[in-house]
Amino acid sequence: MFAKTLKGALYSLWGAVLLLGAGNSYAEYPINLTRGVTDISNKVFDLHMLIFWICVVACVMVFAVLIYSIFTHRKSKGAVAAEFHESTTVEIIWTTIPFLVLVAMAVPATTTLLALEDTRDADMSIQVTGYQWKWKYDYLDDDISFFSVLTTPREQIEGDAPKDDTYLMDVDNPIVVPINKKIRFLITSNDVIHSWWVPDLGWKQDAVPGFINDAWTELTEPGTYRGKCAELCGKDHGFMPIVLVAKTQEDYDAWVEDQKDAAAAAADASTQTLTMDELMAKGEAAYNTNCAACHQANGAGIPGVFPAIAGSAVATGDVAKHIDIGVNGVAGTSMQAFGEQLSAVDLAAVITYQRNAFGNDTGDMVQPADITAAK
Amino acid sequence: MSTATTHDDHHDHGAPSGLMRWVTTTNHKDIGTLYLWFAFTMLLIGGAMAMVIRAELFQPGMQVVDPNFFNTMTTMHGLIMVFGAIMPGMVGLANWQIPLMIGAPDMALPRMNNWSFWILPFAGTMLLSTLFMEGGGPAFGWTFYAPLSTTFAPASTDFFIFAIHMLGFSSIMGAINIIATVLNMRAPGMTLMKMPLFVWTWFITAFLLIAVMPVLAGAVTMMLTDRNFGTSFFDAAGGGDPVLFQHVFWFFGHPEVYIMILPAFGVVSEIIPTFARKKLFGYSSMVYATASIAFLSFIVYAHHMFTTGMPVAGELYFMYATIMIAVPTAVKVFNWTATMWKGSMTFETPMLWAIAFVFLFTIGGFTGLMMGIAPADMQYHDTYFIVAHFHYVLVTGALFSIFAAFYYWAPKWTGHMVDERLGKIHFWWSVISVNVLFFPQHFIGLAGMPRRIPDYSLQFADWNMISSLGGFAFGVAQVFFIYVIIKTIRGGKAATAEVWEGAHGLEWTIPSPAPYHTFETAPEVK
């Protein structure tokens, strides 16, 4: 812990030197809200600028009076205190003026809010489900379903590799939507409260377990839009980004076909038999993406919070029990049911990996067919 | 106390000596001192946690702590600062000043006063002890939203719940004491509308405390039974609702922010007239504005929940009600301005803090107004924009007012003037660094950085580094403040009874330092 703290302190010091000395590699000083790319986000941005300028003007007026007074009405300049106090007229005036300004702000705010919340007459619906710490997207009209997980490598987070421009903003499977369609998002959660936020769309919406919230968007330009989970959801709250890709209708249709083909291929793969080396290689990759956040890359877990895999009774004991936990999770804990998240191949590989890595050396192999049988 | 009438020299009693003086004391001045030391200790502990947070956020990437401990730090920092530093700090000021300002010999319920203080160190210790428990301390934010704080929380959460219960007992007893004191112990002639504004703001705050601390106790009790006794208040699988937690919490939480800021308004309303040598411009409108803010604080709470999926009618109502708070708040700022206008101002350290309060609290107030606009809040919510907002109102607002109060009343408490040069170093150092610390957080919040994240993408790197540097400087300034405090207690220029040239009020009619027993014979107020 102290070695790590010291290392961090040295890094920080080095960072300060970079900042003050040679300039720095990021050199970005964003200061304002994003305008965004939708009609709603533009309305929200305009509203933001309106209230911002009203506040600035009011602030400048009050501060100007205060500053003038501070420099003029000083005892050292011979100012003598005036006697006046208590004036009902003045009080009424300065109560009424802010009130009228507020009414002027409330009018555009109301119309924007009503538009933002109007999810009627959507062309398609996508269910968004928050998990600790990933997103799941279900295309309700097309029978497509997948998870979306951070792909920024651990080495970049730990400082052992240079950071990409899209550091902490990359996922394996982005949510893909067509342009010029009113898309309704049905947002919920599997565990704790999350919040789905892509600033370019102009809103965020909480994902509440057991309840469904809705929100909508209509994009006009193809592009990649990035966002983040905005509600504290546990340890890796900072590591569950959102990547939304908008495509033209043709490209979107092609993507839908690809997804369906990929799903069929995955179903086929669940009957194949893999070698130990294949299972371990796939298993290590799947472990680092899906398990390492809690059980840690070295399998040691976090005592009292997340159990260890290394030497654990589950990973060195009965195989069927281990598969059951992997597929169905453990109710009432953070251990999710990975049967619905991972393919049979990945799940077989990851369980094999857990039983043979970290000094567990059981020699057990789990095949995709074992997983399918347990589902 | 029938013997007291025959015990002629009883007013000559000084303070008993030794540790037991502090354990058994029922003297409002001793208890005020205990509260203030406790608050300052907690400020330093919570501040140390803030240093950990800013060290981790100094650069992108995980450097100093792991994400779970980072969450523990943000959680404990918030809890310690709210319940350990600001609230006890304000109660400490109330204990010292209310009896002196209304001409009362002590608080109305001195033994309960002792108890309400002595609960605090135990509650605080219990809260801090969770850091050393298996699974770590609470890591779900100071707002402890269910189900992260119930089903998914570490075992130490039950200790956190008990600590919150104890802090609540302490606050409620303190509030009852203040109400009883203000209603029963005023000197003859001190009508309600003649009370100093600091007393008025605390009187109103005490009602807020009595109204909402039991609600907080209810929220944590429901958490306790959800965690341990199989209930499902906040679990949809058992027919409950996680958002119910937020309704209950914010029904406490929103008045809570006014509990922390109303006494600050009172402090500033005492200091500005003194150093402007001019009466407060609108005394009665200040009292009415305070009362309206207190009332409105109960009916706006769900503006913290615009993104939870409230019906649009609810969002509209809470938006309208919320922005209405700007009216009485503006009245207060205008009144301070009008008090300074055409005054004869001098700028001793307390005045500097009070003026900084007016400027910086106003900035925090305006960002608060912006977040009251529901559709814009869909973007602002849960970003660093709100982190900047509430640190402007709570650090440069509430905390600065406590600093101002220290510099203003310390001569009365210790009998020594605070070294002006040191006080001004503390002031300028703090006021510059605090803006370097928090102003850039507006920018990164608007640019899209969520709060409570231990690592961030690269576009936020530069402002975070600047913010952290400001944070470290602000932290060092408060360590320097320890030196100022100790130096003032140990010596310095002797203070006169009046202390400040333009000061009015009963507390300035007694000698400095204030004798152990004051106003044993009630003064006459004209």
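This is a short talk about one predicted model with chains A and B, going from the contact between them down to single residues.

Okay, let's start where the two chains meet. Chain A puts 92 residues into the contact, and chain B puts in 93. If you look at the chain B side of that, you get 59 nonpolar residues, 24 polar ones and 10 charged ones.

Now over to chain A by itself. The assignment splits chain A into three pieces: domain 1 is 39-116, domain 2 is 124-267 and domain 3 is 272-374. Take the C-alpha centres of domain 1 and domain 3 of chain A, and they're 60 Å apart.

Next, a strand in chain A that I'd like you to find on screen: β6, residues 194-198. Five of its five residues are buried, so the rest of the structure largely encloses it. The side chains split two ways: A:His194, A:Trp196 and A:Val198 point to one side, while A:Ser195 and A:Trp197 point to the other, and all are buried.

So who are the neighbours of β6(A)? On one hand there's β7, residues 203-207 of chain A, antiparallel to β6(A) and joined to it by five bridges. In that pairing, A:Ser195 sits opposite A:Asp206. The two strands make a hairpin with four residues in between, and A:Gly202 in the turn has a positive phi of about 95 degrees. Then there's β9, residues 223-229 of chain A, also antiparallel to β6(A), with two bridges. Here A:Trp196 faces A:Cys229.

Let's switch to chain B and helix α14, residues 420-446. How far apart should the ends of its 27 residues be, at 1.5 Å a residue? The expected span is 39 Å, and the end C-alpha atoms are 39 Å apart, so the two agree. There is a kink in α14(B), though: about 25 degrees at B:Val436, shortly before the proline B:Pro440. After the helix comes B:Gly448, with a positive phi near 115 degrees.

Last stop, B:Asn27, in the loop between α1 (19-24) and α2 (28-56) of chain B. Is B:Asn27 buried or exposed? It has 23 C-beta neighbours inside 10 Å, and the cut-off for buried is 20 or more, so B:Asn27 counts as buried. Leaving out residues up to four places away in sequence, B:Asn27 touches B:Asp106 and B:Tyr516. And B:Pro110 is 83 residues away from B:Asn27 in sequence, yet their C-alpha atoms are 6.8 Å apart.

That's my tour; happy to pull any of these up on screen.

Key: Residues are numbered from 1 along each chain as its sequence is written. Chains are lettered from A and ligands numbered from 1 in the order in which they are written. This is a predicted model: local features need pLDDT of at least 70, side-chain atom pairs count only at pLDDT 80 or more; totals for chains, interfaces and linings use all residues. Two residues are in contact if their C-beta atoms, placed from the backbone, lie within 7 Å. Ala, Val, Leu, Ile, Met, Phe, Trp, Tyr, Cys and Pro count as nonpolar, Asp, Glu, Lys and Arg as charged, and the others, Gly among them, as polar. Domain bounds come from an automatic or database domain assignment. A residue is buried if 20 or more other C-beta atoms lie within 10 Å of its own, exposed if 12 or fewer, and partly exposed in between; C-beta atoms are placed from the backbone. Two strands pair if DSSP finds at least two bridges between them. The expected span of a helix is 1.5 Å times one less than its number of residues. The bend at a residue is the angle between axes fitted to the seven residues ending there and the seven starting there.
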